[in-house]
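Let's take a walk through this protein chain together, starting with its overall layout and then moving in to a helix contact and some charged pairs. Have the viewer ready and follow along.

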Amino acid sequence: QDIVRELPHMGWGGDGDGQPAVEADAQRARAAVAPTPLLDLTPAFRGAQLRYVPQQPSEVAVLLQRDGRTQRLVQLPDRRAVAEYPNSPHGMAVGILEYFDADANVHEPYFFDGGHPDAQGYALYAQEVAKWVREQGLLHGGG
């Protein structure tokens, strides 16, 4: 499901990267599964990305931002736009894909393909799940 297409008025990124479409989707999911608790990892991943500092001078860390009209890559940590293309009805704009393909140093922190975690992403995932399990009181015994 592409929540930006479903909720285009809410956009993706925008000022402060609040991601209201993602937040609205998480609220709907919480309501749908209530009273079962839902772990939403998006804030943890986005927060870590926004705090990310490139580790090497050649590294180019970027975030994808989308709205109803455009897709753009913004470089971290200053969030300066480095590429912008018209939105594609088929997912990621071809120009965005070509931008990644043109330089192996360009990447989205914590992900290796924009949707699946890399090693750092899985470490963050594990930390967040462990914290959430403890907070939910789901550990019994020696936890």
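What follows goes from the whole chain to single side chains. Please keep in mind that this is a predicted model.

A good place to begin is the list of secondary structure elements. The chain has five helices and four strands, and reading along the sequence gives the order α-α-α-β-β-β-α-β-α. Of the 143 residues in the chain, 38% are buried. If you count the contacts with a sequence separation of 6 or more, 43% of them link residues 24 or more positions apart.

Now turn to two of the helices, α3 and α5. Helix α3 covers residues 42–51 and helix α5 covers residues 119–135; the two pack with their axes 10 Å apart, at an angle of about 130 degrees. Because an angle of this kind falls in neither the parallel, the antiparallel nor the perpendicular range, α3 counts as oblique to α5. The crossing of α3 past α5 is right-handed. On the α3 side, the contact is made by Ala44, Phe45 and Ala48, while α5 brings Gly121, Leu124, Tyr125 and Glu128. Sorted by type, the residues of this contact are five nonpolar, one polar and one charged.

Glu128 leads us to the next topic, the salt bridges. How many does the structure hold? There are two salt bridges in the structure.

One of them belongs to helix α5: lysine 131 pairs with glutamate 128, with the closest N and O atoms 3.8 Å apart. Since these two residues lie three positions apart in helix α5, about one helical turn separates them. Their surroundings can be compared through their accessible areas. Glutamate 128 has a relative accessible area of 19%, so this residue is buried, the cut-off being under 20%. Lysine 131, at 39%, is partly exposed. Glutamate 128 thus appears twice in our tour, as a member of the contact between α3 and α5 and as the partner of lysine 131.

The other pair is formed by aspartate 78 and arginine 80, whose side chains meet in a salt bridge with an N to O distance of 3.7 Å. Is aspartate 78 buried or exposed? Its relative accessible area is 51%, so aspartate 78 is exposed, as values over 50% are. Arginine 80 has a relative accessibility of 45% and therefore counts as partly exposed.

Notes. Residues numbered from 1 in each chain as written. Predicted model: local features only at pLDDT ≥ 70, side-chain atom pairs only at ≥ 80, totals over all residues. Heavy atoms only, no water. Axes fitted to C-alpha atoms, helices over the stretch in contact; angles between N-to-C directions. Parallel < 35°, antiparallel > 145°, perpendicular 65-115°, else oblique. Left-handed = near helix turned anticlockwise from the far one by under 90°. Contact = heavy atoms within 4.5 Å. Nonpolar A, V, L, I, M, F, W, Y, C, P; charged D, E, K, R; others polar. Salt bridge = Lys/Arg side-chain N within 4 Å of Asp/Glu carboxyl O. Buried < 20%, exposed > 50% of the residue type's maximum accessible area, 1.4 Å probe, protein only.
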